[in-house]
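Work through the following exercises with the sequence and the model in view. Each task is followed by a solution in steps.

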Amino acid sequence: MSDKNKDITAGTAIVFADGVTRTIKPLTIRHLRGFMKAVKNLKGEDNLSDEDIDIMVEAAGIALAVVDPELSKNKEKLEDVLDLRSFGELMAAAMGSDPSF
């Protein structure tokens, strides 16, 4: 494994609304395919509809599938542990970006 990928493979620790810290790693190509299918109909951040929020929760579930499989499959619980900050950090980390930007 290359040293220059250690920052990505180590993952990013994110504190969720339930107070639990989960370490998020970038999506694999397999998970990226499902993620992209889920978010393709997301309209935008300016005026979120219930449909947009459902898509966001589905995308979060895909991003958490490896880290917390039980949580990723439970939409109601997932909605309770996500807030906008943790969701944004989760999306950035899942895409291999630095969530602090």
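**Exercise 1.** Determine whether Ser-72 is buried, partly exposed or exposed, and list its contacts outside the local sequence.

Solution. Ser-72 has a relative accessible area of 16%. Buried means under 20% relative accessible area, exposed over 50%, and partly exposed in between (1.4 Å probe, protein chains only). Ser-72 is therefore buried. Next, place the residue: Ser-72 is found in helix H4, where helices (H or I, at least four residues) and strands (E, at least two) are DSSP runs numbered from the N terminus. Contact means heavy atoms within 4.5 Å. With neighbours within four places in sequence left aside, Ser-72 is in contact with Gly-61, Leu-64, Ala-65 and Leu-78.

The model is predicted: local features need pLDDT of at least 70 and side-chain atom pairs pLDDT 80 or more, while totals for chains, interfaces and linings use all residues. Residues are numbered from 1 along each chain as its sequence is written, and side-chain values use heavy atoms, with hydrogens and water left out.

**Exercise 2.** Describe the surroundings of Val-81.

Solution. Val-81 belongs to helix H5 (residues 75–81). Its relative accessible area is 3%, so Val-81 is buried. Not counting residues up to four places away in sequence, Val-81 touches Phe-16, Ala-17, Asp-18, Leu-71 and Ser-86. For Val-81 and Val-15, the C-alpha to C-alpha distance is 9.5 Å, at a separation of 66 residues in sequence.

**Exercise 3.** Find the salt bridges made by Arg-22 and state which parts of the chain the pair with Asp-68 ties together.

Solution. A salt bridge is a side-chain nitrogen of Lys or Arg within 4 Å of a carboxyl oxygen of Asp or Glu. The whole structure holds 5 of them. Arg-22 pairs with Asp-18 at 3.0 Å, N to O, and with Asp-68 at 3.1 Å, N to O. Arg-22 lies in strand E2 (residues 21–24) and Asp-68 in the loop between helix H3 (50–64) and helix H4 (69–72), so this pair ties together parts 46 residues apart in sequence. Asp-18, Arg-22 and Asp-68 are thus linked in a network of salt bridges. Within it, Arg-22 is buried at 8% relative accessibility, whereas Asp-18 is partly exposed at 33%.

**Exercise 4.** How many residues apart are Glu-89 and Arg-85 in helix H6?

Solution. Both residues lie in helix H6 (residues 84–94), 4 residues apart, which means a separation of about one helical turn. Their side chains meet in a salt bridge of 3.3 Å, N to O. Arg-85 is exposed, with a relative accessible area of 64%.

**Exercise 5.** Characterise the packing of H3 against H6 and of H2 against H3.

Solution. Two packed helices are described by the angle between their axes and the distance between the axes. Axes are lines fitted to C-alpha atoms, for helices over the stretch in contact, and angles run from 0 to 180 degrees between N-to-C directions. Angles under 35 degrees count as roughly parallel, over 145 as roughly antiparallel, 65 to 115 as roughly perpendicular and the rest as oblique.

- The axes of H3 and H6 come within 10 Å and cross at roughly 50°. H3 is therefore oblique to H6. Residues making this contact include Met-56 and Ala-63 of H3 and Phe-87 and Met-91 of H6.
- Helix H2 (residues 29–39) packs on H3 at about 175°, with axes 9 Å apart. H2 is therefore roughly antiparallel to H3. Among the contact residues are His-31 and Phe-35 of H2 and Glu-58 and Ile-62 of H3.
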